[in-house]
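Me: I would like a close look at a single part of this model, with the contacts and exposures of its residues worked through carefully. Please keep to what the coordinates support.

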Amino acid sequence: MQRMLTARQGGGGLTSEQTQQVKDFHGVVTNYLTIGLMPGLAAAGQGLGIRNVREMRTLAEALDSLLRGDLAHAGDLLM
């Protein structure tokens, strides 16, 4: 997938400031899932099963990859 995306990309490179912002990006969706949503559900007595936790974690990581602009990684996670 990385090869295919690299072949499709033409120009439009990031500035050094944008590159640094991408490197400093932390997974906001994954953080929300693990720090906000899952503990809130557990406190309300609506804990998630292991299968649902894994699926939600995969989706959260894929969304974080999309936000970072890492389409190859997001595609690999969702395949």
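The part in question is helix α4, together with the residues that meet it. Which residues of helix α4 (residues 50-68) pair in salt bridges, and what does Thr30 touch?

Reply: Since this is a predicted model, everything below describes computed coordinates, and I begin with the setting before turning to the helix itself. The protein chain has five helices and zero strands, so that, read from the N terminus, its elements run α-α-α-α-α. Of its 79 residues, 14% count as buried, and the accessible surface comes to about 6100 Å², with 57% of that area belonging to carbon and sulfur atoms. Among contacts with a separation of 6 or more, 56% are accounted for by residues 24 or more positions apart.

Within that setting, a search of the whole structure finds two salt bridges. In one of them Glu55 pairs with Arg51, the closest N and O atoms being 3.2 Å apart, and both of these residues lie in helix α4 (residues 50-68), four residues apart, about one turn of the helix. In the other, the side chains of Arg57 and Glu61 meet at 2.9 Å, N to O, and these two residues again lie in helix α4, four residues apart, about one turn of the helix. The spacing matters because an α-helix has 3.6 residues a turn, so residues three or four places apart point the same way. In general, side chains of opposite charge can pair when their charged atoms come close.

The exposures of the four partners can be set out one by one. Arg51 has a relative accessibility of 62%, and because the cut-off for exposed is over 50%, Arg51 counts as exposed. Glu55, its partner in the salt bridge, is partly exposed, with a relative accessible area of 39%. In the other pair, Arg57 is partly exposed at 36%, and Glu61 also counts as partly exposed, at 27% relative accessibility.

Arg57 and Glu61 also lead outwards from the helix, since both are among the residues that Thr30 touches, the others being Ala60 and Asp64, when residues up to four places away in sequence are not counted. Thr30 has its place in helix α3, and at 11% relative accessibility Thr30 counts as buried, because buried means under 20%. Beyond simple touching, the side chain of Thr30 makes a polar contact with the side chain of Asp64, at 2.5 Å.

Asn31 has its place in helix α3 (residues 28-43) as well, and its distance to Asp64 can be given: the two are 33 residues apart in sequence and 9.8 Å apart in space, C-alpha to C-alpha. At 38% relative accessibility, Asn31 counts as partly exposed, whereas Thr30 counts as buried.

A further feature to consider is a nonpolar surface patch of about 270 Å², made by Leu63, Leu66 and Leu71. Of these, Leu71 is found in helix α5, and at 44% relative accessibility Leu71 counts as partly exposed. The buried residues of helix α5 (residues 71-78) are Ala72, Ala74 and Gly75. They cover an arc of only 165 degrees around the axis, which puts them on the same side of α5.

Terms used
Residues are numbered from 1 along each chain as its sequence is written. This is a predicted model: local features need pLDDT of at least 70, side-chain atom pairs count only at pLDDT 80 or more; totals for chains, interfaces and linings use all residues. Side-chain values use heavy atoms; hydrogens and water are left out. Buried means under 20% relative accessible area, exposed over 50%, partly exposed in between (1.4 Å probe, protein chains only). Contact means heavy atoms within 4.5 Å. Accessible areas come from the Shrake-Rupley method with a 1.4 Å probe; for residues, only the protein chains shown count as cover. The arc is that of the directions from the helix axis to the C-beta atoms. A polar contact is a pair of N or O atoms within 3.5 Å; within protein, one must be able to donate a hydrogen and the other to accept it, and residues adjacent in sequence count only if both atoms are side-chain atoms. Patches are made of residues with over 30% relative accessible area and no salt bridge: like charges are joined within 9 Å, nonpolar side chains (Val, Leu, Ile, Met, Phe, Trp, Tyr) within 5 Å. A salt bridge is a side-chain nitrogen of Lys or Arg within 4 Å of a carboxyl oxygen of Asp or Glu.
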